[in-house]
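Student: Got a minute to go through this one with me? I'd like to start at the ligand and work outwards.

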Amino acid sequence: MNTKALQGQVALVTGASSGIGKAIAIAFAEAGAKVGVNYRSSAEDAEQIVSGIREKGGEAVALQANVAKEDQVQRLFSELIETYGTIDILVNNAGLQKDANFIDMSLEDWQLVIDVNLTGQFLCAREAAKEFIRRGVVEERSCAAGKIICISSVHEKIPWATHANYAASKGGINMLMRTIAQELAPHKIRVNSIAPGAIKTPINRQDWENEEAKAELLNLIPYQRIGKPEDVARMAVWLASDDSDYVVGETLFIDGGMMLYPGFAEG
Ligand code: BGC
């Protein structure tokens, strides 16, 4: 009997060379998955994650691609499938911020964020879904034909001044996820999102690297701690596993209560 939740399954985690993606790649390998560790430019970091996984007896491979580029995404999936034969789980994690006051936001910075955060998820989900449908359910591995996890953000709901491009990309992920969840569910494909709040990663370094910024951030978190990438990774393992088999088209928030309008806590 499999004691590991993802035993024998093949997973691809985009943007896995740091932060939440890195933690998910490591947790998936610990849960028994063979993991494609996608990176865009940090080859050394990705290789280090792969070595760490292999040292613990896991299986992983580093795969370069910019998820915003159709030809690179197609190559990424070919390489993964060549290496491990198929794919069972996609984690659409790659994302970035390019913050600016709205009236100063360049079209270039708008487009870059939409291209990576939203179009990247579309391109990867499409390739994964093609393979899930081609292959169908393999019962020894999972009762689903495939799982797609979209990494969103509390900002798919919470508006965020000076982050119009980022918040729009995350709002877009919500309807992309729910629409393809509806379309793909009859093929036994489960599509869901994880929407993290403030997780301590390089993307929000300026919000936790000094005490003043950290105190300000904690004002937004009723649970009074900044999240860890491993908090999100544990949720991702569950959402990718058959333990969550009836969860379809949902966004799971993981934010220490950030969605509870803490500004209203005093009544
Ligand atoms: C952003 C972080 C931010 C968090 C909470 C995330 O989506 O990437 O920079 O700390 O939301 O506001």
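**Ligand, cores and two residues**

Tutor: Sure. In this predicted model, a polar side-chain atom of Y166 sits 2.5 Å from an oxygen atom of the ligand.

Student: And how far is an N or O atom in the side chain of H155 from a ligand oxygen?

Tutor: That distance is 2.7 Å for H155. The side chain of N204 also has an N or O atom 3.2 Å from an oxygen atom of the ligand.

Student: How much of the ligand's accessible area does the protein cover?

Tutor: The protein covers 92% of it, where the ligand on its own has 310 Å².

Student: OK, which residues surround the ligand?

Tutor: The surrounding residues are Q97, S153, H155, W160, Y166, G197, A198, I203, N204 and M258.

Student: How does that shell divide into nonpolar, polar and charged?

Tutor: The shell has 5 nonpolar residues, 5 polar ones and no charged ones.

Student: Switching to packing. Which residues touch the most other members in the largest nonpolar core?

Tutor: Those are I24, F28, V35, V37 and I194, in a core of 38 residues.

Student: Take V35. What does V35 touch?

Tutor: Leaving out residues up to four places away in sequence, V35 touches A11, V13, A25, F28, A29, E59, A60, V61 and Y84. There is also another core apart from that one, with 33 residues, including C124, A128, A129 and A145.

Student: Now N38. Where does N38 lie?

Tutor: N38 is in strand 2, which runs over residues 34–39.

Student: Is N38 buried or exposed?

Tutor: N38 counts as buried, because its relative accessibility is 2% and the cut-off for buried is under 20%.

Student: What does the side chain of N38 reach?

Tutor: The N38 side chain reaches the backbone oxygen of A65 at 3.2 Å. Not counting residues up to four places away in sequence, N38 touches L12, V13, T14, G15, A16, S17, L63, Q64, A65, V67 and L76.

Student: Last one, K4. Where is the place of K4?

Tutor: K4 is in the segment before strand 1, and that strand covers 10–13.

Student: Why does K4 count as partly exposed?

Tutor: Because its relative accessible area is 40%, and partly exposed falls between the 20% and 50% cut-offs.

Student: What is K4 in contact with?

Tutor: Setting aside neighbours within four places in sequence, K4 is in contact with E30, A31 and G32.

Student: And how far apart are K4 and A167 in space?

Tutor: K4 and A167 are 36 Å apart, C-alpha to C-alpha, with their positions 163 residues apart in sequence.

Terms used: Residues are numbered from 1 along each chain as its sequence is written. This is a predicted model: local features need pLDDT of at least 70, side-chain atom pairs count only at pLDDT 80 or more; totals for chains, interfaces and linings use all residues. Side-chain values use heavy atoms; hydrogens and water are left out. A residue is near a molecule or strand if one of its heavy atoms lies within 4 Å of it. A polar contact is a pair of N or O atoms within 3.5 Å; within protein, one must be able to donate a hydrogen and the other to accept it, and residues adjacent in sequence count only if both atoms are side-chain atoms. Accessible areas come from the Shrake-Rupley method with a 1.4 Å probe; for residues, only the protein chains shown count as cover. Ala, Val, Leu, Ile, Met, Phe, Trp, Tyr, Cys and Pro count as nonpolar, Asp, Glu, Lys and Arg as charged, and the others, Gly among them, as polar. A nonpolar core is a set of buried Ala, Val, Leu, Ile, Met, Phe, Trp, Tyr and Cys residues joined through side-chain atoms within 4.5 Å. Buried means under 20% relative accessible area, exposed over 50%, partly exposed in between (1.4 Å probe, protein chains only). Contact means heavy atoms within 4.5 Å. Helices (H or I, at least four residues) and strands (E, at least two) are DSSP runs, numbered from the N terminus.
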